[in-house]
Amino acid sequence: MEWSDLRIFLAVARAGTLGGAARVLGQSQPTMGRRLRVLEGAVGHTLFQRTAEGFVLTDEGQAVLEHAERMEEEALAFQRRLAGADAQLEGMLRLSSSEWFGTYVLAPILAEFGARHPKVCVELLTDARLYSLPRREADIAFRIKPFQEPEVVSRRLVRIPYALYARTDAATRPKGGGEGLRVITMDTAFAEMPDARWLQRVLPKAVVAMRSNNRLVQAELCRQGSGLAVLPTLLGDRMPDLARVDVGESPPGRDTYVGYHRDLRRLSRLRALLDLVIERLASPRAPA
């Protein structure tokens with residue numbers, strides 16, 4: 001039994017399809033299928049039921065999954081321990097954040113970090129997926145919710161204020177509870193977020209024109225004149241043609257947290273990047 005085949009087994013179990021697993025591991029589907037058959041031959045059992053919807057674990061596959069996950073955790077702990085002992089400012093760092101935070105907050109800091117440490121390659125992943133720090137899917141993650149994993153070292157990074165924005169030529173104080181106005185807000189899955197509830201409370205008569213779970217999309221729709229939007233000030237203040245709208249009170253701000261696996265706490269390049277991020281967010285430079 002090859003450990004590499006167990007990695008394929010785990011990827012298929014988590015993705016549910018060969019295609020999804022192949023994208024995670026960077027291998028071709030035929031190779032994945034062949035190695036999976038080799039593994040099933042080695043253990044003497046069918047591990048997946050092939051269905052029209054994808055791969056479903058059999059009872060034998062479920063039993064293998066429990067052991068394979070423990071083996072994976074030991075292998076990842078070994079990798080983290082070696083990485084944590086690395087004292088050179090070179091190598092790879094993988095970061096995870098939301099798209100707007102990566103674009104408007106992290107990108108300028110990363111450019112400065114790259115100029116200081118040209119031998120460190122930083123990979124920034126910006127999407128809605130929560131990348132796993134214990135599985136080394138990311139080395140550092142920036143999120144708006146506290147980390148719950150016991151093996152993750154985390155801290156509150158910065159409190160980000162929010163404001164109501166409109167296109168510059170329409171940034172007048174709303175009257176009558178927002179009657180006749182159009183607003184851009186979060187999609188229904190995130191309708192209970194503090195800023196979405198605030199917008200509904202202060203402008204109860206406004207019409208919801210657009211919804212999106214992407215702050216950059218909301219900002220661009222606002223800039224195009226589709227309606228008013230609540231945005232992080234680190235984004236809204238830097239968007240051309242947008243201005244804050246005064247409604248007598250500010251939307252609730254949000255905390256941003258940073259986390260990394262405890263085994264990487266001595267990794268010098270990780271510490272250097274975190275120190276720069278904390279320094280720049282504590283005393284941000286004026287946008288160019």
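## Helix H3: length and faces

How far apart are the end C-alpha atoms of helix H3, and what should its 15 residues span? In this predicted model, H3 covers residues 29–43, and at 1.5 Å a residue it should span 21 Å. Its end C-alpha atoms are 21 Å apart, so the expected span and the model agree.

Now for what faces where. Met32, Gly33, Leu36, Leu39 and Glu40 of H3 are buried. They cover an arc of only 120 degrees around the axis, which puts them on the same side of the helix. The spacing fits a familiar rule: an α-helix has 3.6 residues a turn, so residues three or four places apart point the same way. On the other side of H3, you'll find Pro30, Arg37, Gly41 and Ala42 exposed.

What do the buried residues of H3 pack against? Their partners are two helices, H1 (3–15) and H2 (18–25), plus two strands, S1 (48–51) and S2 (54–57). Just past the end of H3 comes Gly44, with a positive phi of about 75 degrees.

## The five-stranded sheet

Further along the chain, take a look at an open sheet of 5 strands, ordered S9-S8-S10-S7-S11 with mixed pairing. Strands S9 (207–211) and S11 (242–244) sit at the edges with a single partner strand each, so one side of each has no neighbour in the sheet. From one strand to the next, the twist averages 40 degrees.

Inside that order, S8 (residues 182–185) and S10 (residues 228–232) run parallel and are joined by 2 bridges. Val183 is the residue opposite Leu228 in S10. Two helices come into play here too. Helix H7 (residues 215–223) packs on the sheet and touches S7, S8, S9, S10 and S11, with its direction at about 140 degrees to that of S10. Helix H6 (residues 194–202) lies across S7 (162–167), S8 and S10, and runs at about 165 degrees to S8.

## Strand S5 and its partners

Which way do the residues of strand S5 (residues 140–143) point, and are they buried or exposed? Ile140 and Phe142 go one way, Ala141 and Arg143 go the other, and all are buried. That's the usual pattern: in a regular strand the side chains alternate between the two faces of the sheet.

S5 pairs with strand S3 (residues 91–97), running parallel over 2 bridges, and Ala141 is the bridge partner of Ser96. With strand S12 (residues 254–261), S5 pairs in the antiparallel sense over 4 bridges. There, Ile140 stands opposite Tyr260.

Methods
Residues are numbered from 1 along each chain as its sequence is written. This is a predicted model: local features need pLDDT of at least 70, side-chain atom pairs count only at pLDDT 80 or more; totals for chains, interfaces and linings use all residues. Side-chain values use heavy atoms; hydrogens and water are left out. The expected span of a helix is 1.5 Å times one less than its number of residues. Buried means under 20% relative accessible area, exposed over 50%, partly exposed in between (1.4 Å probe, protein chains only). The arc is that of the directions from the helix axis to the C-beta atoms. Contact means heavy atoms within 4.5 Å. Two strands pair if DSSP finds at least two bridges between them. Axes are lines fitted to C-alpha atoms, for helices over the stretch in contact, and angles run from 0 to 180 degrees between N-to-C directions.
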